[in-house]
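Could you open the structure in your viewer and keep the selection tool at hand? We will go from stop to stop together.

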Amino acid sequence: MAEAENFYQNFFASLVDGVLVISADLRVTKVNQAAEEIFQRSRSSFEGESLSKLFPDQPNLIDKARQSITTGASYHHVEGIGYNKSTNGRFPVNLTFSPFMKGDHKNTAGIILIQDTSLLKELQENSQQTENLSTLSILTTGMAHEIRNPLSGIRGSAQLLLKELKNNDHRKYMEIVIEEVDRINRLIKKMINLTHPILNDFKPTNIHEVLEEIITLEKETLKKKEGTFVQIYDPSIPTIKANKDELKQVFLNLVKNAVEASSKGGRVQISTQYNNNYTFREKQNTLSQHNIVIKITDYGLGMDNSTMKKLFTPFFSTKKRGTGLGMAVSLKIIENHNGTIKVTSEKNIGTVIQVFLPIHK
Ligand SMILES: Nc1ncnc2c1ncn2[C@@H]1O[C@H](COP(=O)(O)OP(=O)(O)O)[C@@H](O)[C@H]1O
Ligand SMILES: [Mg+2]
């Protein structure tokens, strides 16, 4: 008997899906570990909690739970929104309602199986982004080299001409030709970077060193806006296996964007933190138990929803002289490091960019 009890206990705890056992008055009587993780709250805080607090403002869903207990019916694939009390956040879920058959065959309780579908939703969005990149890849690999060759001819001739020119105005025009050719060249280089598979040349990298180098580069630009960098580094962060040049490119892109978005006197905060977030672990499907997060916060322009949606799309830019490649390239590099980028932003308030990178022990 004790053995059977033990078996069920283990079974309950091992389920990947969250399980809630609810009483006839729709209050929680039992939860498993997966449910604790999905809602990010402890077992004891669930006890006696009413179902409508876990799934607020969804009378349809509550009704199904009640029906299942009173009539013995079950309902599958019910979509709902769960509420995370600790972060005040909401997440999409897929629910199954079943009556809880007790020995006496009187249905006085119900069971709810919960699948957190945020991962699925995120993957769907990500595959959209990947699709954008592969279309681009076909286009650019063919075009990039073809464009570069005549460009170097134009640049060489312009430089020769510049040497011959005496008239200052004429010289200025020729200098513009060279400058603009260089700009196209840089753009093409970025495109090639974006579409070529990046070699995994990973070495132990000190992330704070990377950040400090970027800050040194961008300090002057921010100073011109009377702004300052604020660094909050977690000294316990170990080195991570990474390609330092690529990470520099990522953080240069992100810090540049933050500086460009900042208004006069704006502060740009860069913080690092050792992170033990299991949701990240699950989403990335890596074995890594530990991650670091680098957070770049600005208090500038911010983004509305439509800008946020296109943020990672190659060539999307709201800037006069923007390439629209910074975010696309950054995402590609970070994903190649098995990491991820999270963005939260509010128009005219500011933007927080979080870069998660795994630590391989
Ligand atoms: N920190 C930020 N604050 C506000 N908007 C941003 C920020 N970062 C990126 N964006 C928006 O995303 C767009 C794309 O960024 P990016 O890919 O770096 O290209 P670019 O900087 O060349 O425009 C920007 O044009 C801007 O509209
Ligand atoms: Mg940019």
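The tour below begins with the whole chain, visits two sheets and some loops, and ends at the ligand.

**The whole chain**

Before you select anything, please keep in mind that this is a predicted model. Colour the protein chain by secondary structure: there are 12 helices and 12 strands to find. Of the 361 residues in the protein chain, 24% are buried. If you have a contact map to hand, take the contacts between residues at least 6 apart in sequence; 62% of them join residues at least 24 apart.

**The antiparallel sheet**

Now select S1 to S5. Which order do the strands of this open sheet have? Reading across, the order is S2-S1-S5-S4-S3, and the pairing is antiparallel. The edges belong to S2 and to strand S3 (75-84), each of which pairs on one side only. Look along the sheet to see its twist: neighbouring strands are turned against each other by 30° on average, with direction ignored.

Stay with strand S5, residues 109-116. On one side, S5 runs antiparallel to strand S1 (residues 18-23), and six bridges join the two. To see one pair, select Val19, whose bridge partner in S5 is Leu113. On the other side, S5 pairs with strand S4 (residues 89-100) in the antiparallel sense, over eight bridges. Here you can pick Pro99, which stands opposite Gly110 of S5.

Next, show the two faces of S5. In a regular strand the side chains alternate between the two faces of the sheet. In S5 the covered face holds Gly110, Ile112, Ile114 and Asp116, while Ala109, Ile111, Leu113 and Gln115 make up the uncovered face.

Moving outward, select S3 and S4 as a pair: eight bridges hold them in the antiparallel sense. Gly80 stands opposite Val93 in S4. Then add H5, the helix that packs on this sheet and touches S1, S3, S4 and S5. The direction of H5 makes about 15° with that of S4.

**Loops beside this sheet**

Select Asn32, in the loop between strand S2 (28-31) and H2. Is Asn32 buried or exposed? Asn32 counts as buried because it has 22 C-beta neighbours inside 10 Å, and the cut-off for that class is 20 or more. Show what surrounds Asn32: leaving aside residues up to four places away in sequence, Asn32 touches Phe12, Ala13, Leu15, Gly18 and Val19. You can also draw a C-alpha to C-alpha distance from Asn32 to Val16, which comes to 9.5 Å for two residues 16 apart in sequence.

Go on to Gln40, in the loop between helix H2 (33-39) and helix H3 (43-46). Check its backbone: Gln40 has a positive phi of about 50°, although it is not a glycine. Gln40 counts as partly exposed, because 16 C-beta neighbours lie inside 10 Å.

A second residue with this backbone feature is Asp57, where phi is near 55°, a positive value in a residue other than glycine. You will find Asp57 in the loop between helix H4 (51-54) and helix H5 (59-71). Asp57 is exposed, because it has 10 other C-beta atoms within 10 Å.

**The mixed sheet**

Clear the selection and pick S7, S9, S10, S12 and S11. Those five strands form an open sheet in that order, with mixed pairing. Strand S7 (228-232) and strand S11 (340-346) stand at the edges with a single partner strand each, so one side of each is left without a neighbour in the sheet. From one strand to the next, the twist averages 15°.

Within this sheet, zoom in on strand S9 (residues 267-275) and strand S10 (residues 290-298), which pair in the antiparallel sense over eight bridges. Select Tyr274 there, and then its bridge partner in S10, Ile292.

**The ligand**

For the last stop, centre on ligand 1. How many residues surround ligand 1? The shell has 23 residues, and the closest are Asn257, Ala261, Ser317, Gly322 and Gly326. Colour the shell by residue type and you get nine nonpolar, 12 polar and two charged residues.

Two helices, H9 (244-261) and H12 (326-336), each supply at least two residues of this shell. H9 gives the most, with four residues.

Technical notes. Residues numbered from 1 in each chain as written. Chains lettered and ligands numbered in written order. Predicted model: local features only at pLDDT ≥ 70, side-chain atom pairs only at ≥ 80, totals over all residues. Near = placed C-beta within 6 Å. Nonpolar A, V, L, I, M, F, W, Y, C, P; charged D, E, K, R; others polar. Buried ≥ 20, exposed ≤ 12 C-beta atoms within 10 Å, placed from the backbone. Pairing = 2+ DSSP bridges. Contact = placed C-beta atoms within 7 Å. Axes fitted to C-alpha atoms, helices over the stretch in contact; angles between N-to-C directions.
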